Amino acid sequence: MAGSDTPLLTCAQVSRHFGSLAAVDGVSLQVMPGEVLGIGGPNGAGKTTFFDVVTGITAPSGGRIRFDGHDITTWGADRICHAGVARTFQLNAAFDHLTVQENVQVAAQFGRTARRFPGLWLSDTTKTAVQEALEFVGLGAKRQMIARDLPVLDRKLLMIAGAMATNPRMIFLDEPVGGLNTDEIDHIQALVRKMQARGITIVLIEHVMRFLLSLSSRVIIMHHGQVIFEGRPDQVAEDQTVVETYLGKGAAGRLKSHFSEADHV
Amino acid sequence: MDILIAIITTGLTNGALYALATIGLSLVWGSMGMLNMAHGALLALGGYAVFSVATTLGLPVWLAVLAAAGAGALAGVILYICVVRSLIRTAGKNFETSVMIATVGISISLQNALLQVYGGQPLKQPFGVSGAFRIGDSVVPWLNVVIILVSVVVMLGLALLISRTRMGRAIRATAQNREAALLMGVAVERTYLQVLALSGAVAGICGVLVSSVTQLSPTLGADPMLKAFIMCVVAGLGNLPGAVAAAFGLAMIEAGVQFGMGARWGFPVLLMLVIAILIWRPNGLFGRAQIRRM
Amino acid sequence: MSDTTQTLPKAGKTLSGGRIDLLIAALLLAMAIAAPFVIESRYMMGQLILGLFWASVAVQWNLLFGYAGVFSLGQMAVFAVGGYATAMLAYYLDLNIFLAIAAGAVIATVFSALVGLACLRLQGVYVALLTYAIAQVIYLLIVTDTNCFEMVGTTCRQFTGGATGFARFGDFGMRAILKGDWIKGNYAIVLGCFVLSMLVSWIILHGPMGLAFKALRDNQAYAVARGINRFHTQLLVFGLSAFFTGMTGGLYATHFQAIGPGIFSISSLLFILAIAVVGGVGTFWGPVVGTIVLMVADELMREVGSFRSIGLGLIIAFAVVALPRGLVGRFSDIFHKHKS
Amino acid sequence: ADAEPIPIGAALPMSGTAAADGIEFKNGLDLAIEEINAVGGILGRPLELHIEDTAEMGADVVSQAMQRLIDRYGTPVIVNGYNYGTNMVEMDVAADSDVIFIHYNTLISHNNKFKEDPDRYYGSFQGDPPEYYYGPGLLSYLNGLIDSGQWEPANRKIALVASSVEYSIVIANAVREFADQYGWEISLYETVQFPTNQWGPTLAKIRQDEPAVIAVTHFLPQDLAAFMTQFIPQPTNSLVYMQYGPSLPAFKEIGGESVKGVVYSTVVGCLPDDFSEGFRTAYREKFGPTAAYLTGSQTYDGLWKWALSAAIAGGAGEPYDGDQARAVSASMNRLIYRGVNGICRFDPEGQSAYTFPAQTPDASLGMPHQFLQHQDLTQDPVLVAPPAYAKGSFILPPWMS
Amino acid sequence: MSETKGTSLELEGIHAGYDGPDVLHGITLTVPQGQIVTVVGPNGHGKSTLLRTISGLTARRAGRIRLGGQDLTGLRPERIAALGLAHVPQGDLLFPEMTVYENLQMGAYLSRDPQQFAALLEDVYALLPRLKERHGQIASSLSGGERRMVGIGRGLMAGARVLMIDEPSLGLAPLVIEQIYEVIGTLREQGRTILLVEENPARVAHLSDVMHLLDDGRLTWSGAPAELLEREELLETYLGG
Ligand SMILES: Nc1ncnc2c1ncn2[C@@H]1O[C@H](COP(=O)(O)OP(=O)(O)OP(=O)(O)O)[C@@H](O)[C@H]1O
Ligand SMILES: Nc1ncnc2c1ncn2[C@@H]1O[C@H](COP(=O)(O)OP(=O)(O)OP(=O)(O)O)[C@@H](O)[C@H]1O
Ligand SMILES: [Mg+2]
Ligand SMILES: [Mg+2]
């Protein structure tokens, strides 16, 4: 997609082993600025682990990762966050006992730049960033609620708000619509588009194919820790291995008809 | 040689006592997330139960030991009914600290109740084995052998119970996820009750063994309880075999250090070892890092 | 209310929370200032001072555990380090007592930060054991220290004070100024320091630092992923809570003109924990309320003679069972039910 | 009889590790008060006891306990047993409130503190000699045994075993300090945990060392009994000397046969003579056959001596009445009192009781440092020194050659 | 309501909630034996709470629940499970420190029949081969989808007469979803009674006998799946088309 031709993120032969299991097994890929990259693949294919490695949650067992000209392979998660990479989590992580607002304040205060000393009060930048992020996802009215009590959708939105509050250049979304209904999926989809419009580079994992394929400019399918497919969204359902290992006949059929309809329109 | 035997005898005896105290504590901790601070007081209770039954009622000593186990179990049941049951329901995420402090309270009361009833002067524990046998020049008292044997038997029994039986599985499941255990049909409350009763019984027996060496005083459980806490954690929480191994291993080292460097250094060196172990292995010697995926 | 951690849902909390805290603080402070004018008994004044000491230590422990989720059992060791450092500086170097207290606080801070480093990779009860083991090692090395460092009259004394500890290294000088009312002078000093520590704690807990502590407690990996540096924050938590704990230790040593290894004892540690739990872990006023309740209970129990300990134990157990979230937690529950 | 009672205070460890002794100290006071009241009290006013529990006995707890006795009950006198870990802050409480304070902490720090400001601490008395005199006391006793031909040591080595509390360590240090002077060598100095019951490693070291004397200054009777039961199966040719614990009934009860031959000493304790017979009988009758009158006798004597002094001074006075307190203090210093523990005469230098014979050669002017030996287990231990009080003589313990 | 034979699960006027006000406001619903009933509805409106109330995890404040004619009132969750009701909860509630195999073993905790256990295990492994591959792995380290599989597999291991599954498709790959629903269909053939919760009615329409729409703690619509899919305005308002 648009932007420049130097990739924002480059992964070279990245792997992550757990004992004898290679959860991520020599993944190489590049993400261009402004791109939306979709990742799919069977359960346990290593998608989340790949995210974990890139964002510094776990250390890679091998390979190199470069972001924006820096080698971030050995950086910790906090440093990577400060560098401009944010993410959301599959299992809806939150600071359960803090309010919605405090959840976002943490991200805004600590996620933008490295601070040796947290400071005695919230900076003005933080306050505006919190305000903006909450408005961005539409949680403004629930700012005083305790995160633990939020329903699924709001927890997902809260994570997105937190990610946005760190002022990221690149964002990783892990199953942002799992467990949501059609309407809610559309809501998230609109948010992703808004992020894209702000020039944020996006990588997302999703099993809900309609969502994944309609947003992504490029799709990767992983299996057993490796990339088994890379291409345009409309090619996914055509790939024999992908259908066999991941989509199944039914879903593949529905997708094909979806894309052919789209072609006709 | 002589010295080696002295060290081994002390190490094994202390190890057996530590281990027995440890499994009682670890059982409850591992399965309920409850640090039972009254465990030491239950030890004392067991010791005094034997005294009362054997001396006052004049029953034979082996029966008195059963009485100690019974008294411990009963105390466990009462502890469950009066304190733990309601805290599990109401304390939520505060459970661990709340129950710890509540049992501190119980422990203070129980210890001082023993003081009021039996007085503060140390009493002779009627359970005892006299005599000794010789290995070369050195002498090993039979009492130490009995202590080691009894605690090994009790530990083996408990280990089998936990690892091999349905009850054991229920205990482990309850420990890891209460709601899930309920859904699987585990009678969680009964499991808790069983665990506390079991641990109380073990504490009772342990108290008898401990007091056969230290004699009876209301505070006799304090030291074993402290050691048990250390062993329990350093082994990795809830890991029973690990705790037993740690108990024996550390007791041996302690005895060795006491001889080699002087008695003054025994416990401090043991603690420094514990510190080093924890820094090196943050989840204890045999513990597994808890994985928290997000 | 102030206990942002585990209670209350909804409603403009931060605003009214601050105001309620202010109200409570003003009320307590007024009472505390009035006390020496009303109370004649030296014993009662002594108990008030003791209460301030315990409350202060419990407040700082609560900062560690209730807010940052660090289950430290080294609190009394930090307290003791502060007290010992004060005593030793005044004793060996003849340092002015107030300077010694300040230096003691700093030394306690450094000590605690080192402990925090040792605990960096540990969680929950493993932290508890590590901190406890460190405390216990220090205690044991002090009490079993028998090497003569210098001779005092006919007896030898150890560098660490050994099993005896230190005494008569200086006092606040109030006996010289106020004569019979010296204890009121001591009270004023201790109260002043306590108010200062509460104020600083409040500011910390309600600012970004408190936020970072609570975030790390709730979900460590997530907090790091949102940019919080575990290392710095851990040092901060341990250091900050230690500064005032150490300072209290120094004040304690000076007030009683003695500090000995007994202060490491597990029973005083457990008393501190009981204070925090009964008052309400993770609530700002919990430790203060807990101190008042337990000290009053203890006072009443003195009337039952030899059953005192039994009674106190039962009171603690009962309080915890009846109010599993502590007194303050319970109050704020009720308060919020009424509001909603 | 309807005169207003005089409140008597006592801050004692009634719970916790030292509760056993705390209870005996209280018994001693109870008995003394009963007797004093039976003869009409002090100038017609009966005595009434008030106790404060000091549990684990820190400086803070003890000084607050004493302050409470003073403020709440107006006690002109506080008679304590021992509280350890207080650094003698009690003396400041007494001084600040002008009350008489008698205690049995058995600490040289009492004397040192008193010397700092005798005028301020005029009301503080240590009812027994400081632990410091255990050192010269023991060493001169040992040399006496050798000189009189009752014992021929194989060498001149002493193994010292202390436990990690102030009291035990100060005694051990005192022995260490004077050893040279008396011609002894400390070949082993072990500090064990408090409490301790597995003596294996320590005994192994002792066996390697084979000293002529094993001096254990740890004092819990059950631990000392354990020491003996673990020592006896494989003894060394050493005299075993212990501290305090062997005087308690529990020592013999628990240790059985193996304690036979153990020598111990105490600078304060009820003498086994005819004079104290009445006290001993009364004590056992009132508090049961296992009650440790040796402990209770201390506060018992202390209170009696104070009562007599107060009566001489014209009344007990009350807190914050410095003049009367000084009068009582003066008569306490004046009065040489023969109690069930022997002579109590205060040393003006430190206001502790004089010890005999280390401090004064005159048996009528100092409290005897008693050496006792468990000989026939069916009988009470035998007082073997000082000669002026002795009831029998030292016999070689069964394990020695 | 009378004790109709063949009716497996009956709810009558159920009110339930957590600390605060009621979440469920009088739910009445029947799951006849051998049928699949699906509850759909927007997020956070009480679907999970409904299942939790039936299995006894959440306290019921009013109303009655019957299972095969037997009153469940006042029974604790473990008793309800023993009566033959299995619940696959939202968020899985696995035993995190147990292996996959041990989790499945716990699923069959109530049955003491080793043969039945072996047979069920084989079935589950056949349906979810991933679990067989990972049988020795600690549950807490599993991927999101693998957890869901363990949750469902564990529910199946009970061999219960009545099965409740909360969002079976959450986080699963499309292929696996297809297979899961196939199995659910098979279970119905075997006469089991099934209560499902789903976000997307379209996914389960072909399976369900009856569908209920749960909105703000009330059942606002009930009927055949085909009808619901035709009711544009309902889908629009509650489920976002
Ligand atoms: N800490 C760990 N220890 C052992 N195995 C692990 C660990 N973390 C992940 N795995 C395994 O690595 C594999 C990849 O997991 P990952 O979470 O990346 O899968 P995923 O592609 O995100 O799957 P899903 O779509 O189900 O979320 C899985 O089989 C998982 O069980
Ligand atoms: N443990 C709890 N404590 C307090 N409130 C809760 C709890 N669980 C759920 N709630 C509240 O109850 C309401 C219903 O939640 P429930 O989980 O039943 O909804 P749901 O329909 O299953 O939604 P979802 O699609 O998010 O699973 C929500 O408002 C939620 O905030
Ligand atoms: Mg995943
Ligand atoms: Mg739900």
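Visitor: Which residues coordinate the magnesium ion (ligand 3)?
Guide: This is a predicted model; local features need pLDDT of at least 70, side-chain atom pairs need 80 or more, and totals for chains, interfaces and linings use all residues. Residues count from 1 along each chain as written, chains are lettered from A and ligands numbered from 1 in written order, and side-chain values use heavy atoms, leaving out hydrogens and water. Look for donors (N, O or S within 2.8 Å of the metal, 3.2 Å for Na, K and Ca; water is absent, so sites may look incomplete). Two atoms, OG1 and OE1, sit at 1.9 to 2.2 Å, and they belong to Thr48(A) and Gln90(A).

Visitor: How many residues apart are Thr48(A) and Gln90(A)?
Guide: Thr48(A) sits in helix H1 of chain A. Gln90(A) is in the loop between strand S6 (85-87) and helix H3 (100-110) of chain A. Helices (H or I, at least four residues) and strands (E, at least two) are DSSP runs numbered from the N terminus. The pair links distant parts of the chain, and the separation is 42 residues.

Visitor: Are Thr48(A) and Gln90(A) buried or exposed?
Guide: Buried is under 20% relative accessible area, exposed over 50%, partly exposed in between (1.4 Å probe, protein chains only). By that test, both Thr48(A) and Gln90(A) are buried.

Visitor: Which residue that coordinates the magnesium ion (ligand 4) is partly exposed?
Guide: Ser48(E) through OG and Gln90(E) through OE1 coordinate this ion, at 1.8 to 2.2 Å. Ser48(E) has 17% relative accessibility, so Ser48(E) counts as buried. At 30%, the partly exposed residue is Gln90(E).

Visitor: Which chains does ligand 1 lie between?
Guide: Its shell holds 24 residues, each near the ligand (a heavy atom within 4 Å). Among the closest are Thr48(A), Thr49(A) and Ser143(E). The ligand lies between chains A, B and E.

Visitor: How far is a polar side-chain atom of Glu146(E) from an oxygen atom of ligand 1?
Guide: Gln90(A) also reaches this ligand: a polar side-chain atom lies 2.8 Å from one of its oxygen atoms. A polar backbone atom of Ser141(E) is 3.3 Å from a nitrogen atom of ligand 1. For Glu146(E), the distance is 2.7 Å.

Visitor: How many residues of H13(C) are buried?
Guide: Helix H13 of chain C runs over residues 308-322. Its buried residues include Arg308(C), Leu312(C), Ile316(C) and Val320(C). The helix is largely enclosed by the rest of the structure, because of its 15 residues, the number buried is 11.

Terms used: A polar contact is a pair of N or O atoms within 3.5 Å; within protein, one must be able to donate a hydrogen and the other to accept it, and residues adjacent in sequence count only if both atoms are side-chain atoms. The expected span of a helix is 1.5 Å times one less than its number of residues.
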